[in-house]
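Me: Could you walk me through this structure, with the cut-offs spelled out as we go?

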Amino acid sequence: SDLVKYAILSHRWLNEGEPTYEGMNAGTAAGPGREKLDAFCQRACECGMEFAWSDTCCIDKSSSTELDESIRSMFRWYENSTICIVHLAQSETIWDIKRDEWIRRGWTLQELLAPHKIKFFNARWMPMTDDENDKAPGTELDGSDDILRVLEEATNIPCDVLTSDLGKYPMRVDERMTWAAGRETTRVEGRAYSLMGIFNVKEETAHSAGSSRLSCRR
């Protein structure tokens with residue numbers, strides 16, 4: 001975005017203890033989730049960002065209207081970000097990505113394809129490459145394309161798609177469905193919601209107040 005430059009977080013939610021909108025406002029957020037958020041904000045600052053957005057605490061999930069709008073806007077928010085910071089809690093090296101649960105998440109698909117700039121960090125929040133943008137194609141001589149090759153093998157998404165503007169890539173529905181095959185979401189409807197941006201679908205989401213907290217757990 002030319003108006004507001006911000007970093008956005010891609011990660012796998014903890015089973016419990018993620019900071020919430022209410023907890024951050026009340027100043028009660030603590031524990032591993034808050035530590036992850038603080039580390040993300042630190043990396044965002046190091047990337048020159050004044051603003052950072054996380055799906056854990058930047059959405060008021062008690063409001064069904066805000067939750068609905070957030071789900072429908074998620075692809076655009078990742079696409080408009082200046083940088084997407086990916087935290088791989090189960091990975092130390094590039095080669096661990098194939099076994100990281102993050103790679104199998106339903107929501108990971110749009111978080112991987114929508115941003116123009118991505119930076120991967122391992123479990124200890126150390127950068128996984130020396131590159132500024134891990135979506136930029138490298139060369140075989142310097143080895144900077146290793147992470148793209150691993151992502152291609154793990155997702156079946158070609159490198160030229162990973163490094164290009166998805167909106168300019170031909171809309172082959174069957175091909176995009178293969179990218180989504182086998183991915184996991186907390187709720188069944190989450191699988192559909194996570195694909196809306198991939199297929200440029202704009203649709204009202206329908207969920208009860210009781211399920212809305214869960215459907216946004218990504």
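Below is a set of questions and replies on the fold, the cores, the aromatic pairs, the salt bridges and the surface.

Me: Happy to start with the ground rules: what kind of model is this, and which pLDDT do side-chain atom pairs need?
Reply: Residues are numbered from 1 along each chain as its sequence is written, and side-chain values use heavy atoms, with hydrogens and water left out. This is a predicted model, in which totals for chains, interfaces and linings use all residues, local features need pLDDT of at least 70, and side-chain atom pairs count only at pLDDT 80 or more.

Me: In what order do helices and strands follow each other along the protein chain?
Reply: Helices (H or I, at least four residues) and strands (E, at least two) are DSSP runs, numbered from the N terminus. The protein chain has nine helices and four strands. Read along the sequence, their pattern is β-α-α-β-α-β-α-β-α-α-α-α-α.

Me: What percentage of the residues of the protein chain count as buried?
Reply: Buried means under 20% relative accessible area, exposed over 50%, and partly exposed in between, with a 1.4 Å probe and protein chains only. The protein chain has 218 residues, and the buried share of them is 47%.

Me: Among contacts in the protein chain between residues at least 6 apart in sequence, what percentage join residues at least 24 apart?
Reply: A contact here means heavy atoms within 4.5 Å. I97 gives an example of a contact list: leaving aside neighbours within four places in sequence, its partners include L88, I103, M128 and L151. For the protein chain, the share joining residues at least 24 apart, among contacts at least 6 apart, is 65%.

Me: Which element supplies the largest share of the largest nonpolar core?
Reply: A nonpolar core is a set of buried Ala, Val, Leu, Ile, Met, Phe, Trp, Tyr and Cys residues joined through side-chain atoms within 4.5 Å. The largest one has 40 residues, and I97, L109, L113, F120, L151 and W179 touch the most other members. Elements that each supply at least two residues include β1, β3, β4 and α7 (173–180). The largest share of this core, five residues, comes from α3.

Me: How many residues are in the other core, which lies apart from the largest one?
Reply: Among the members of this other core are A7, L9, A39 and W125. Its residue count is twelve.

Me: What is the angle between the planes of W102 and F120?
Reply: Rings of Phe, Tyr and Trp (its six-membered ring) pair if their centres lie within 6.5 Å; planes under 30 degrees apart count as stacked, over 60 as edge-to-face and the rest as tilted. By this rule there are three aromatic pairs. W102 and F120 form one that is edge-to-face, with centres 5.8 Å apart and an angle between the planes of 90°.

Me: Why does the W102 and F120 pair tie together separate parts of the sequence?
Reply: W102 is buried at a relative accessible area of 1%, and F120 is buried at 0%. W102 lies in the loop between β3 (83–87) and α4 (108–113) and F120 in strand β4 (residues 118–121), so the pair ties together parts whose separation in sequence is 18 residues.

Me: Are K36 and E18 buried or exposed?
Reply: A salt bridge is a side-chain nitrogen of Lys or Arg within 4 Å of a carboxyl oxygen of Asp or Glu, and the count comes to twelve. K36 and E18 form one, with the closest N and O atoms 2.6 Å apart. K36 lies in helix α2 (residues 32–46) and E18 in the loop between β1 and α1 (21–26), so the pair ties together parts 18 residues apart in sequence. Both residues are buried.

Me: Which helix holds both E46 and R43?
Reply: These two side chains form a salt bridge, with the closest N and O atoms 3.5 Å apart. E46 is exposed at 52% relative accessibility, whereas R43 is buried at 16%. They are three residues apart, about one turn of the helix, and that helix is α2.

Me: What is the N to O distance in the salt bridge of R105 and E111?
Reply: R105 is buried at 4% relative accessibility, and E111 is buried at 0%. The distance between their N and O atoms is 3.2 Å.
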